[in-house]
Amino acid sequence: MAPLLLGAVMLVAQLQLVPSRPAVVPGNEPGQLELVRKAATLQEEIPDGAAPNGSAQQLPQTIIIGVRKGGTRALLEMLSLHPDVAAAENEVHFFDWEEHYSQGLGWYLSQMPFSAPHQLTVEKTPAYFTSPKVPERVHGMNPAIRLLLILRDPSERVLSDYTQVFYNHVQKRKPYPSIEEFLVRDGRLNVDYKALNRSLYHLHMENWLRFFPLRRIHIVDGDRLIRDPFPEIQKVERFLRLSPQINASNFYFNKTKGFYCLRDGGRDRCLHESKGRAHPQVDPRLLNKLHEYFHEPNKKFFELVGRTFDWH
Ligand code: A3P
C-alpha cells in the first residue's frame, strides 16, 4: 500500500508541473495514461535547444521487464530497427532501485531518449520481472502500459546467469566457484541458489498478473528469437500496434558469432561479445536434475499464461 501511495503522490506532484501534449500511442486507453503522457513532457525542465525538431522525452509506452538473460538486449536492439521506436540505451532500474524510484517520474523521464511525438519510447530493465515491488509501481505509473517479457528455457537461463556472473568476476580478476558448487548442496540440487529462483517464472508472473491482465503482457519466446528472430519481432510489432516495418532482410546469420546479427540501412552489427557466450559443461545427471526441478513450475507457468513453450 505504501509504495502505491508514494507512486500516486509522486505522479500528482509531477502532473502539476507539466503542460499537455497530443496523444501518441494509437489504441491505448485514455484516462490515467493521458495524465501520464502529460507528465511525460515536463517541457519546462528541458533546457532551450535540447529538443530539436519538436522532439521531447516521453515516459515509456512499453517496457521490456525481463527476464535477466532471456535475450532482453537482443529484443531491444531488434525492436530499435523500427523507425517509430526510441529506446533508452541503458538499463534504467527506476522501479526496482529505491535511490532511483525516490527521485520520482521526473527523474525517470530524464533517462529517456528524445523522440518524435509519433514514436514509442521503450526501456529495458531485466530485473523488473523478478522484483516483487515493481508490478504495482509500474501499474501506478500507467495501468495501460504494454509490457514485453522475453523468456527462455529456465535451465538454460540458469547457466547463462551463472556465466554472466562468472565473467564479471573474471574481468575483475576475482576467483569464482564452479557452477556445480552453486547447484549442488549435500548431494542434492541446491534450491537456494538465487539463479534457480529467477527461473521460477510462474511465481514472478503471478505478481505481474495481480496488476496487469495477460493481454497487456506479450511473451517473447527467447529460444525462438535466437534461432529465427524475424517472426518473433513481427509478433512484437503487432502487439505494440506498430506498422510492419522490420523485414527479414534486417537479420543475417553470422557464422563466426553463431547468432543472428542486425543489418540496418547497410550497417551490419552483432550484439556485444558478452551476449552469446559459451556456457559451462554440466554433468548430464545434474542437468537432468535441473530439468526435473523446473518441470512442475513450468507446467504452472503454461497454465497461467495459456501457452506452452518448448522447454526441457
Ligand atoms: P548467453 O550469452 O548466455 O548465450 P540478456 O540480453 O537478457 O542478458 O540475454 C542474453 C542472451 O541473449 C544471450 O545469452 C543469448 O543467448 C541471447 N541472444 C538472443 N539473441 C541473440 C543474438 N542475436 N545475439 C547474441 N545473443 C543473443
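**Exercise 1. The loop before helix 3**

Between which strand and which helix does the loop that holds Lys69 lie? Locate Lys69 in this predicted model and examine the backbone of its loop.

*Solution.*
Step 1. Lys69 belongs to the loop that runs between strand 2 and helix 3. Strand 2 spans 62-66, and Val67 is placed in the loop between this strand and helix 3.
Step 2. Inspect the peptide bonds. The bond that leads from Gly66 to Val67 is cis, its omega being near 0°.
Step 3. Inspect phi. For Lys69, a residue other than glycine, phi is positive, near 70°.
Step 4. Set both values against the general pattern. Most peptide bonds are trans, and most residues other than glycine have a negative phi.

**Exercise 2. Polar contacts of the ligand**

Identify the protein atoms that pair with oxygen and nitrogen atoms of the ligand, using 3.5 Å as the cut-off for a polar contact.

*Solution.*
Step 1. Begin with the side chain of Lys69: an N or O atom there is 3.0 Å from a ligand oxygen atom.
Step 2. Turn to the backbone. A polar backbone atom of Arg73 is 3.0 Å from an oxygen atom of the ligand, and a nitrogen atom of the ligand has a backbone N or O atom of Tyr260 at 2.8 Å.
Step 3. Consider the burial of the ligand. Its exposed area when taken alone is 580 Å², of which the protein buries 97%.

**Exercise 3. The shell around the ligand**

Describe the shell around the ligand by residue, by element and by class.

*Solution.*
Step 1. The ligand has 19 residues around it, and those that come nearest are Thr72, Ser160, Tyr260, Gly276 and His279.
Step 2. Helix 3 (72-79) and strand 11 (259-264) are the elements giving two or more residues to this shell. Helix 3 has the largest share, with four residues.
Step 3. By class, the shell holds six nonpolar, seven polar and six charged residues.

**Exercise 4. The pocket that holds the ligand**

Which pocket does the ligand sit in? Characterise its volume and lining.

*Solution.*
Step 1. The ligand sits in the largest pocket.
Step 2. The space in this pocket is about 860 Å³. Its lining comprises 38 residues, and Lys69, Gly71, Arg152, Ser160 and Lys275 are the closest to the pocket centre.
Step 3. At least two lining residues come from each of helix 3, helix 7 (154-171), helix 11 (222-227) and strand 11. Helix 7 provides the largest share, five residues.
Step 4. Sorted by class, the lining contains ten nonpolar, 14 polar and 14 charged residues.

Terms used:
Residues are numbered from 1 along each chain as its sequence is written. This is a predicted model: local features need pLDDT of at least 70, side-chain atom pairs count only at pLDDT 80 or more; totals for chains, interfaces and linings use all residues. Side-chain values use heavy atoms; hydrogens and water are left out. A residue is near a molecule or strand if one of its heavy atoms lies within 4 Å of it. A polar contact is a pair of N or O atoms within 3.5 Å; within protein, one must be able to donate a hydrogen and the other to accept it, and residues adjacent in sequence count only if both atoms are side-chain atoms. Accessible areas come from the Shrake-Rupley method with a 1.4 Å probe; for residues, only the protein chains shown count as cover. On a 1 Å grid over the protein atoms alone, a cavity is a set of points where a 1.4 Å probe fits but cannot get out, and a pocket is an open set with protein on both sides within 12 Å along at least five of seven lines; lining residues have an atom within 4 Å of a point. A molecule sits in a cavity or pocket if more than half of its atoms lie within 2 Å of its grid points. Ala, Val, Leu, Ile, Met, Phe, Trp, Tyr, Cys and Pro count as nonpolar, Asp, Glu, Lys and Arg as charged, and the others, Gly among them, as polar. Grid points are joined across faces, edges and corners, and a volume is the space filled by probe spheres set on the points.
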